[in-house]
Structure formats: C-alpha cells, structure tokens
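I sat down with this model today and kept a short log of what I looked up. Here it is, for anyone who wants to follow along.

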Amino acid sequence: MRSVLDPFSLLTEDEASPDVTAATVGEVSRGTFWVFVAALVLSQFGLAAVSLGALYGLVLGQWPLAGVLVAVGVAALAGVGALYWWHQSRSDE
C-alpha cells in the first residue's frame, strides 16, 4: 500500500525512464529541498495576493486594499527571485 504523504512511493523503477528514479531524486541536498519548498510557498502566496489585489481593485473598487495586496504579492514574488539568486550563488562556490 502506498502512503499518500510519501512522494517517493509514486516513483517507479522502470526501463522507460531510467533518468528519474527514487535513487536520483533522493540525492537532492537538504538545503536545496528547503529552498525549493520556500520558493514554492512564496510564489503561491505572491500569486494569490496579486490576484486578489487585482480583483479587489477591478471588481469592488477598493483600491487602497488592492494596492497593498498587489505590493505584498510583488514583494513575495521578488523574494522568490532573490531566494533563487542566493541559492545559485551559494551553490556555485
């Protein structure tokens, strides 16, 4: 029985895709994994904030709240870019 919370249980060891196996995915460093999770959460938050801000502004006409939401969303998306740049520069050393 597969565990829903174990993403490695979904990977198969077949001949059709020899490059992507549980062993190669398991070799990702701990730092890279957590940077990926942080970038994923920040990007989801940023996209949601920008979308909600646009909706509040365009549909409801609440521009002060819309501006704050869009600014926070853009800052979160910029944080994703900064996180990517930081991780790339750190892994190049």
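The entries below go from the whole chain to single residues.

**Entry 1: the whole chain**

I reminded myself at the start that this is a predicted model. I then asked how many helices and strands there are in the chain. The chain has 3 helices and 0 strands, and along the sequence the pattern reads α-α-α.

Next I looked up burial. Of the chain's 93 residues, 15% count as buried. The exposed area of the chain comes to about 7,100 Å², and 70% of that is supplied by carbon and sulfur atoms. I also looked at contacts between residues at least 6 apart in sequence: 44% of them join residues at least 24 apart.

**Entry 2: helix H2**

I moved on to H2, which covers residues 30-60. H2 has 31 residues, and from its first C-alpha to its last it reaches 44 Å. That is close to the 45 Å expected at 1.5 Å a residue.

Which residues of H2 are buried? I found Val35, Ala39, Ser43, Gly46, Ala49, Gly53 and Gly57. After H2 comes Gly61, and I noted that its phi is positive, near 70°.

**Entry 3: a nonpolar patch**

I then searched the surface and found a nonpolar patch formed by Leu52, Leu55, Leu58, Val59, Leu60 and Trp63. Together these residues have about 680 Å² of accessible area. Which helix gives the most to the patch? Helix H2 does, with 5 residues.

I picked Leu60 for a closer look, as a patch member that sits in helix H2. Why does Leu60 count as exposed? Its relative accessible area is 54%, so Leu60 passes the cut-off of over 50% for exposed residues.

**Entry 4: the aromatic pair**

How many aromatic pairs does a search of the whole structure find? It finds 1. The partners are Phe33 and Trp34, in an edge-to-face arrangement with 5.1 Å centre to centre and 75° between the planes. I classed the pair as edge-to-face because 75° is over the 60 degrees required. I checked Phe33 for exposure as well, and at 42% relative accessibility Phe33 counts as partly exposed.

**Entry 5: pairs distant in sequence**

My next stop was Val41, which is found in helix H2. Val41 counts as exposed because its relative accessibility is 53%, and exposed means over 50%. From Val41 I went to Ala76: the two are 35 residues apart in sequence, and their C-alpha atoms are 9.4 Å apart in space.

I looked up a second pair, Ala75 and Leu42. These two are 33 residues apart along the chain, with 9.5 Å between their C-alpha atoms. Ala75 has its place in helix H3. With a relative accessible area of 49%, Ala75 is partly exposed; exposed would need over 50%, so Ala75 falls short of that class.

**Entry 6: His87**

I finished with His87, found in helix H3, which spans residues 63-92. Is His87 buried or exposed? Its relative accessibility is 13%, which is under the 20% cut-off, so His87 counts as buried.

What is His87 in contact with, leaving aside its neighbours within four places in sequence? I listed Gly31, Thr32 and Val35. Val35 had already appeared in my list of buried residues in H2, so I closed the log on a contact that involves two buried residues, His87 and Val35.

How values were computed: Residues numbered from 1 in each chain as written. Predicted model: local features only at pLDDT ≥ 70, side-chain atom pairs only at ≥ 80, totals over all residues. Heavy atoms only, no water. Patch = residues over 30% accessible without salt bridge, like charges linked within 9 Å, V, L, I, M, F, W, Y side chains within 5 Å. Areas by Shrake-Rupley, 256 points an atom, 1.4 Å probe, with all protein chains shown as cover. Salt bridge = Lys/Arg side-chain N within 4 Å of Asp/Glu carboxyl O. Helix = DSSP H or I, 4+ residues; strand = E, 2+ residues; numbered from the N terminus. Buried < 20%, exposed > 50% of the residue type's maximum accessible area, 1.4 Å probe, protein only. Expected span 1.5 Å × (residues − 1). Phe/Tyr/Trp six-rings, centres within 6.5 Å; stacked < 30°, edge-to-face > 60°. Contact = heavy atoms within 4.5 Å.
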